Amino acid sequence: MPLNSTVLTDGTIELRTDEHTSERHVFTVSREGEQIGTVTISQAGAGTGVLSWDLAEAHLTRSTHPRVVRLVVDWAMTDEGQGGLGLGRTEARIGTDDEESLRAATRAGLRREGLTRQAPGHRTDDEQVLLARLGDDPPLSDPSSFRSLLNSFLPRKRAIGQLLVRDTAGRVLLCHLTYKRDWDLPGGVVEVSESPRTAVSRELEEELALDLPAGALLLTDWLPPWGGWDDAVCLVFDGGVHDASLVSRIVPEEREIRTAEFLTLEQIHERAADFTARRITAALAALGGGPTYAESGRTT
């Protein structure tokens, strides 16, 4: 059933709707008396609104675009008793190449949550960024809100921690993994808010049942995208020299590790991927010489 007209304004931008229902609200947008487009917010389940807008190209500017979006988002998140919708979540889906709309949504307090994947048959350029603002997010005037917004869309790079463990004969401990044919150094992905040094020791305990502290950083190796993985930074720490009998204490985590052995450099080149072999060679060369930087195992 139609509801009364709602008018939102910041003194320059005005949003007005003469008819809207409890499920869908369409605002006409005006700037200084000139109609420049529309904004729509639709209910999508309890407490959630989906936002979209269509503004004249001449007004897709930083002085207008973000203010339009913020007006309707602020209203949608305002308690019903104060004239708003009282939504707990307002979200928008914006094309990955629509930089102006992405900027406007972010300035209105919507944080990036991820990409919506497209069904088979759709073009990859139809991918959309999902953004949302929640009712308990800090107000935009709070410095923590600005930091959270930045954190939601700044690049995040995967980090991997690995341990260079040697025996008294100079061989290196490698693991034969269940999810690929190649052998690799023990270690794994660093979890959110976990230090790389802590991560590599945790991974050895979980996957090999070994309690080995990580020593000095030997190598920082950037890994380009490969085999379905995004790029990453691999940090190789010194795991020290141990008796070859160390392998008898290993209890492989069956889902990820087939076996683990001390291997010579010749064996490493036979069993490991070329970039892994290069990484191990670079890490060995760095022993005693301080941290080294490499890209896919190449130091130059």
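This talk covers two pockets, one helix and the cysteines of the structure above. Keep in mind that this is a predicted model.

I'll start with the pockets. The largest pocket holds about 700 Å³ of space. Which residues lie closest to its centre? They are Ile160, Tyr179, Lys180, Asp184 and Trp229, out of 32 residues that line the largest pocket. Several elements give two or more residues each to that lining: the strands are S9 (158–167), S10 (172–177), S12 (187–189) and S14 (232–242), and the helices are H4 (196–208) and H6. Helix H4 has the largest share, with four residues. By type, the lining of the largest pocket has 16 nonpolar residues, eleven charged and five polar.

Next is the second largest pocket, with about 380 Å³ of space. On your screens you can find its lining in three stretches of the chain. One has Pro155, Arg156, Lys157, Arg158 and Ala159. Another has Val189, Val190, Glu191 and Val192, and the last has Asp230 and Asp231. Six of the lining residues of the second largest pocket are charged and five are nonpolar, with no polar ones.

Back to helix H6, which I named as part of the lining of the largest pocket. Helix H6 runs over residues 274–286, which is 13 residues. From first C-alpha to last, H6 reaches 18 Å, close to the 18 Å expected at 1.5 Å a residue. Which residues of H6 are buried? Phe275, Thr276, Ala277 and Arg279 are, and further along so are Ile280, Ala282, Ala283 and Ala286. Just after H6 comes Gly288, with a positive phi of about 80°.

That leaves the cysteines. A disulfide is a covalent bond between the sulfur atoms of two cysteines. How many disulfides does the structure hold? Zero. Why does Cys175 have no such bond? The closest cysteine sulfur to that of Cys175 is in Cys234, and at 13 Å it is too far for a bond. The cut-off for a disulfide here is a pair of sulfur atoms within 2.5 Å. Seen from the other side, Cys234 has its closest cysteine sulfur in Cys175, again 13 Å away, so no bond is counted. Are these two cysteines buried or exposed? Cys175 is buried, with a relative accessible area of 2%. Cys234 is also buried, and its relative accessible area is 0%.

Conventions. Residues are numbered from 1 along each chain as its sequence is written. This is a predicted model: local features need pLDDT of at least 70, side-chain atom pairs count only at pLDDT 80 or more; totals for chains, interfaces and linings use all residues. Side-chain values use heavy atoms; hydrogens and water are left out. The expected span of a helix is 1.5 Å times one less than its number of residues. Buried means under 20% relative accessible area, exposed over 50%, partly exposed in between (1.4 Å probe, protein chains only). On a 1 Å grid over the protein atoms alone, a cavity is a set of points where a 1.4 Å probe fits but cannot get out, and a pocket is an open set with protein on both sides within 12 Å along at least five of seven lines; lining residues have an atom within 4 Å of a point. Grid points are joined across faces, edges and corners, and a volume is the space filled by probe spheres set on the points. Ala, Val, Leu, Ile, Met, Phe, Trp, Tyr, Cys and Pro count as nonpolar, Asp, Glu, Lys and Arg as charged, and the others, Gly among them, as polar.
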